[in-house]
Amino acid sequence: MAIQKEQILTALAHVLHPQEKKDLIALDMIQDVIVQDKYISFTLEMPEKDDALAGQLQKKCEGAIHKFIDGEAIVDIQVGINVSRSRKEEDQPQQGQQQEVLPGVKNIIAVASGKGGVGKSTVAVNLAAALARTGAKVGLMDTDIYGPSIPTMFNLFDRPNITTQKKLVPLEKHGIKMVSMGFLVDVNQAMVWRGPMATSAIKQFMTEVDWGELDYMVLDMPPGTGDIQLTIVQTVPLSGAVIVSTPQIVALDDVRKGVAMFNKVNVPVLGVIENMAYFIPPDMPEKKYHIFGEGGAKRLAQELNVPVLGEIPLEQPVREAGDNGTPIVIADENAPAATKLIEATANMQQQLSLRAAEIANTQKVEIKFRP
Ligand SMILES: Nc1ncnc2c1ncn2[C@@H]1O[C@H](COP(=O)(O)OP(=O)(O)OP(=O)(O)O)[C@@H](O)[C@H]1O
Ligand SMILES: [Mg+2]
């Protein structure tokens, strides 16, 4: 029978902290539990750096899982320091101070959806390109380890260099710095990666890439709202999320799940982008077909109390631009879909600035770093 998260938490409740005399679950030191077959991964969150104690607790955790659950389980434990918990109140990062993860990045935006294939990567790539067109310094991170799209969408398949500090140098095209698993391994190889390996790859994209100073970092998220997505949104100090959907009801149900995931970690949803919203035949520009239905994103946005940032038409040149390696906003900025994507980007920037002040005053983002 598949191992359940609850079993893991119950097993780890047998591990006592030697000084506190309480168990690790009661002390809330176990986070990001991921189970996949016999692979179990989680973060042991220490209030401060203490390698000896961390090592001791790691062994005990592994022992408890082998004893109470499965003697053959493969246990992958990351040690994290919960900075927000260990810092005294006056030491908390203030607005304008540096964050520990992606310290040089001003705005980090996740482009997500509940359902696959709705156009996340297309939107993420064009958002990044539209931001770069304005002269902003932009990064693009392909967090879709199992199905990276960025290499094809930019026709970029080089291997990145490594700096003397052992950091990965992002590839650059159209003024956008980018990293994708597709630059590093054969895509078919990534397909067989286990959940914990994928998660640690993402963590390396955050901490071991020489991103430098950026105004915006756009994250192209994998489809769905599973453990990997949750780990990403918990690890990165996101400024906001953009949800991509088609007008279909099924897609909208999935959007709700996506929104719930961001709400869970207090990341503001900046708005919904409705993709494939309608089709205008190039030879009959007076006609407009709502192939996937109509008005769905508007209703959803009202329900969620977030704006519709844009309605992007279904257009052959969008797909062709994606397949040929030049995002449509660069290939043909006058194409109707490009104009809509550029507008949606401006709307997103507006939402970002509206939310920024509000969030800085209401919410402390829990920042973790890996020692
Ligand atoms: N507005 C559009 N007009 C025409 N084709 C589009 C449009 N948006 C996306 N596509 C095409 O649809 C396909 C799926 O898009 P994309 O890869 O961006 O989706 P995704 O949500 O990232 O998928 P996945 O969930 O697999 O990551 C691609 O071939 C893309 O070129
Ligand atoms: Mg994609």
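## Helices, a ligand site and a surface patch

In helix α12, which spans residues 316–324, the buried residues are V318, A321 and G322. Looking down the axis of α12, these buried residues fall within an arc of 100 degrees, so they line one face of the helix. The face turned away from that buried side carries Q316 and N324, both of them exposed. Just after α12 comes G325, which takes a positive phi of about 90 degrees. Please keep in mind as you look around that this is a predicted model.

Let us turn to the ligand. Which residues are closest to ligand 1? They are G117, K120, S121, T122 and P313, out of 17 residues that surround ligand 1. Three of the polar distances to ligand 1 are set out here.

| Ligand 1 atom | Protein partner | Distance |
|---|---|---|
| oxygen | G117, polar backbone atom | 2.8 Å |
| oxygen | T122, N or O atom in the side chain | 2.5 Å |
| nitrogen | E315, polar backbone atom | 3.0 Å |

Ligand 1 would expose 630 Å² if taken alone, and the protein buries 80% of that. Two of the residues in the table, G117 and T122, also belong to the closest group named above.

Next, two more helices. Why can α9 be called largely enclosed by the rest of the structure? Helix α9 covers residues 227–235, and seven of its nine residues are buried, so the rest of the structure largely encloses it. The buried residues of α9 are I228, Q229, L230, T231, I232, V233 and T235.

Helix α8, residues 195–207, is where you will find A198. The relative accessibility of A198 is 0%, so A198 counts as buried, the cut-off being under 20%. If you would like a partner to look for, try M181: A198 and M181 stand 17 residues apart in sequence, and their C-alpha atoms are 9.5 Å apart in space.

Finally, have a look at the surface. Which residues make the nonpolar surface patch of about 270 Å²? M284, Y289 and I291 make this patch. M284 sits in a loop, the one between β10 (269–275) and α11 (296–304). Is M284 buried, partly exposed or exposed? M284 has a relative accessibility of 31%, so it counts as partly exposed. That value also meets the patch criterion, because patches are made of residues with over 30% relative accessible area.

Conventions: Residues are numbered from 1 along each chain as its sequence is written. Chains are lettered from A and ligands numbered from 1 in the order in which they are written. This is a predicted model: local features need pLDDT of at least 70, side-chain atom pairs count only at pLDDT 80 or more; totals for chains, interfaces and linings use all residues. Side-chain values use heavy atoms; hydrogens and water are left out. Patches are made of residues with over 30% relative accessible area and no salt bridge: like charges are joined within 9 Å, nonpolar side chains (Val, Leu, Ile, Met, Phe, Trp, Tyr) within 5 Å. Accessible areas come from the Shrake-Rupley method with a 1.4 Å probe; for residues, only the protein chains shown count as cover. A salt bridge is a side-chain nitrogen of Lys or Arg within 4 Å of a carboxyl oxygen of Asp or Glu. Helices (H or I, at least four residues) and strands (E, at least two) are DSSP runs, numbered from the N terminus. Buried means under 20% relative accessible area, exposed over 50%, partly exposed in between (1.4 Å probe, protein chains only). A residue is near a molecule or strand if one of its heavy atoms lies within 4 Å of it. A polar contact is a pair of N or O atoms within 3.5 Å; within protein, one must be able to donate a hydrogen and the other to accept it, and residues adjacent in sequence count only if both atoms are side-chain atoms. The arc is that of the directions from the helix axis to the C-beta atoms.
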